[in-house]
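New to this one? Take a look at the model first, then walk through the notes below.

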Amino acid sequence: MPERENNRLVKRIDAYGGDILRSSRFRSTRKNIQHGTVSVYEHSISVAGCSLKIMDGLKSLGIRVRERELVRGALLHDYFLYDWHTRKSAKGLKELHGFSHPEIALRNAGRDYRLTPCEREIIRKHMWPLTVVPPMCREAWIVTAADKYCSLLETLRLRKGRWRKVRKNS
């Protein structure tokens, strides 16, 4: 992605999620790896940036998206605050990280931030189809798609730290 476009996305993310980016709990997600060598922090910012790009494409088609809620939900979608690679093994399918972390992230985000119903929906449903019930708002569908795309790139190591420079000095 060209540097100028990247900078524009970073500014939009900061405009709506600056308080999240600067919070000590969110910054603590830098120490937890999400996929490959990518931290939860980097992953969440990547998902926010990718979600904005999808939103921009939809906007060009005349489809409205709530940008503020999209960004905030994307930043908080994986706000589970633990290293899922070293967590004790689950005692059933529903307790596995992929199934359980959306509710944990929602509980943590609800404790630390004022969430709108749309932001709650994004966090709760971003793991669809594992969440079984599909997202009910456009923004949740966008973050779900962006999360799958970013996760695939990170897992296959196709992403080269695009967001690593974001907010390093926060």
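What share of the contacts in the chain with a separation of 6 or more comes from residues 24 or more positions apart? Those residues account for 67% of such contacts. Keep in mind that this is a predicted model.

**The chain overall**
- Going along the sequence, you meet the pattern α-α-β-β-α-α-α-α-α, which adds up to 7 helices and 2 strands.
- The chain has 170 residues, and 48% of them count as buried.
- About 9300 Å² of the chain is exposed, with 55% of that supplied by carbon and sulfur atoms.

**Helix α7**
- Helix α7 covers residues 138–155, so to speak its 18 residues run 26 Å from first C-alpha to last, close to the expected 26 Å at 1.5 Å a residue.
- Plenty of names turn up on its buried list, including Glu-139, Ala-140, Ile-142, Val-143, Ala-146, Cys-150 and Leu-153.
- Asp-147 and Glu-154 are also among the buried residues of α7.
- After α7 comes Arg-157, which has a positive phi, near 60 degrees.

**Cysteines**
- You'll find 0 disulfides in the structure.
- Cys-118 is in no disulfide, and its nearest cysteine sulfur belongs to Cys-137, 3.6 Å away.
- Likewise, Cys-137 is in no disulfide, with the sulfur of Cys-118 as its nearest cysteine sulfur; a pair would have to be within 2.5 Å to count.
- Cys-118 counts as buried because its relative accessibility is 6%, under the 20% cut-off.
- Cys-137 counts as buried too, at 11% relative accessibility.

Conventions:
Residues numbered from 1 in each chain as written. Predicted model: local features only at pLDDT ≥ 70, side-chain atom pairs only at ≥ 80, totals over all residues. Heavy atoms only, no water. Helix = DSSP H or I, 4+ residues; strand = E, 2+ residues; numbered from the N terminus. Expected span 1.5 Å × (residues − 1). Buried < 20%, exposed > 50% of the residue type's maximum accessible area, 1.4 Å probe, protein only. Contact = heavy atoms within 4.5 Å. Areas by Shrake-Rupley, 256 points an atom, 1.4 Å probe, with all protein chains shown as cover.
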